[in-house]
Amino acid sequence: PTGNITASLLLQSADLPGETAFSATSPHFNAEEAYSAHMPEHLRCDACRVIAFQMQEYLTKAESKRSSAKAQSTRLSESEYVDTLENSCSQSWENYGVQEVEGVKRFAGPGLKNQETVSVMMTGGPWPARLYKLCHSYLGEFGEELIYEEYRRRPAALAEFLCFEEHRACTRLSNTQRKSPNKVKALQSEL
């Protein structure tokens, strides 16, 4: 999993004469990124945002199915939102992976901004299990009821609640970066 893969892409466009070649290299993972059972600290903010996006998608879909099936409120029952959040965490996570852009490793996939560069995204490997484990840790830390109440209060702001409030994954990372701008690269090169 730590070996580099280089992908070359040859494009021909009707708008441009000739061919344009792009080359991209897969991320080079250090020992923690490749072998640890836990999500590396420098990827936790992206991972949290991914998890919040998936929880929001699953809850929105569950509420829309319920509201179309029944004329009553779209509010889910306790068993429904518990099952929905559990299902959001227990999915395969196969659409997510890590790419390296300008020397910084970032998660890529649905719910995250696309990087405007050509890069190779490494999916599979340890990433799905880490997302699964981290997602379930949020269910344990906050509880399904509080997560659902936050979703009901501000559906589009679930990531803000889970990831950006004080002492959460994204605020810890941004505080670390403010103190030392090279901390992320230092974390990546450790081990």
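Helices and strands are taken here as DSSP runs, with at least four residues for a helix and at least two for a strand, numbered from the N terminus.

**Entry 1: overall layout**

I began by noting that the model in front of me is a predicted one, and then I looked up its secondary structure, finding eight helices and five strands in the protein. Reading along the sequence, I wrote the order down as β-β-α-α-α-β-β-β-α-α-α-α-α. I next looked up burial and found that, of the 191 residues, 38% count as buried. For the surface, I noted that the protein exposes about 10,800 Å², and that carbon and sulfur atoms supply 50% of this area. I also checked how far apart in sequence the contacting residues are: among contacts with a separation of 6 or more, 64% are accounted for by residues 24 or more positions apart.

**Entry 2: the largest nonpolar core**

Which residues touch the most other members of the largest nonpolar core? I found Met55, Phe107, Leu131, Ile147 and Leu162 in that role, within a core of 38 residues. The elements giving two or more residues to this core are α2 (44–69), α3 (78–89), α4, α5, α6 (158–164) and α7 (169–179). I noted that the largest share, nine residues, comes from α2.

I then followed two of these core residues in turn. Setting aside residues up to four places away in sequence, phenylalanine 107 touches Met39, Leu43, Asp46, Ala47, Tyr96, Gly97, Val98, Leu112, Trp127 and Leu131. Isoleucine 147 lies in helix α5, and I recorded it as buried because its relative accessibility is 0%. Leaving aside its neighbours within four places in sequence, isoleucine 147 is in contact with Met55, Leu85, Tyr138, Leu139, Phe142, Leu158, Phe161 and Leu162. I also looked up its separation from tyrosine 81, which is 66 residues away along the chain, and found 9.4 Å between the two C-alpha atoms.

**Entry 3: helix α4 and its partners**

I described each packed pair of helices by the angle between the axes and the distance between them. Helix α4 (residues 127–142) packs against helix α5 (residues 144–153) at an angle of about 95 degrees, with the axes 6 Å apart. The two are therefore roughly perpendicular, since angles of 65 to 115 degrees count as such. In this contact, Tyr138, Leu139 and Phe142 of α4 meet Glu144, Leu146 and Ile147 of α5, and by class I listed five nonpolar residues, no polar ones and one charged.

For α3 and α4 I found an angle of about 155 degrees and axes 8 Å apart. Because angles over 145 degrees count as roughly antiparallel, I put α3 and α4 down as roughly antiparallel to each other. Leu85, Glu86, Ser88 and Cys89 of α3 make this contact with Tyr132, Cys135, His136 and Leu139 of α4, and the classes here are five nonpolar, two polar and one charged.

Is arginine 130, a residue of helix α4, buried or exposed? I found that arginine 130 counts as buried, at 2% relative accessibility. Not counting residues up to four places away in sequence, arginine 130 touches Glu32, Glu33, Ala34, Tyr35, Ser36, Ala37, His38, Met39 and Pro40.

**Entry 4: threonine 84 in helix α3**

I looked up threonine 84, which is found in helix α3, and noted that it counts as buried at 11% relative accessibility. With neighbours within four places in sequence left aside, threonine 84 is in contact with Tyr58, Leu59, Ala62 and Leu76. I also recorded that threonine 84 and threonine 60, 24 residues apart in sequence, are 9.8 Å apart in space from C-alpha to C-alpha.

**Entry 5: two positive phi values**

Most residues other than glycine have a negative phi, and with that in mind I looked up two residues. Tryptophan 93, although not a glycine, has a positive phi of about 60 degrees; its place is in the loop between α3 and β3 (97–101). Histidine 167, also not a glycine, has a positive phi of about 65 degrees and lies in the loop between α6 and α7. On accessibility, I found tryptophan 93 buried, with a relative accessible area of 1%, whereas histidine 167 counts as exposed, at 59%.

How values were computed
Residues numbered from 1 in each chain as written. Predicted model: local features only at pLDDT ≥ 70, side-chain atom pairs only at ≥ 80, totals over all residues. Heavy atoms only, no water. Axes fitted to C-alpha atoms, helices over the stretch in contact; angles between N-to-C directions. Parallel < 35°, antiparallel > 145°, perpendicular 65-115°, else oblique. Contact = heavy atoms within 4.5 Å. Nonpolar A, V, L, I, M, F, W, Y, C, P; charged D, E, K, R; others polar. Buried < 20%, exposed > 50% of the residue type's maximum accessible area, 1.4 Å probe, protein only. Areas by Shrake-Rupley, 256 points an atom, 1.4 Å probe, with all protein chains shown as cover. Core = buried A, V, L, I, M, F, W, Y, C linked by side-chain atoms within 4.5 Å.
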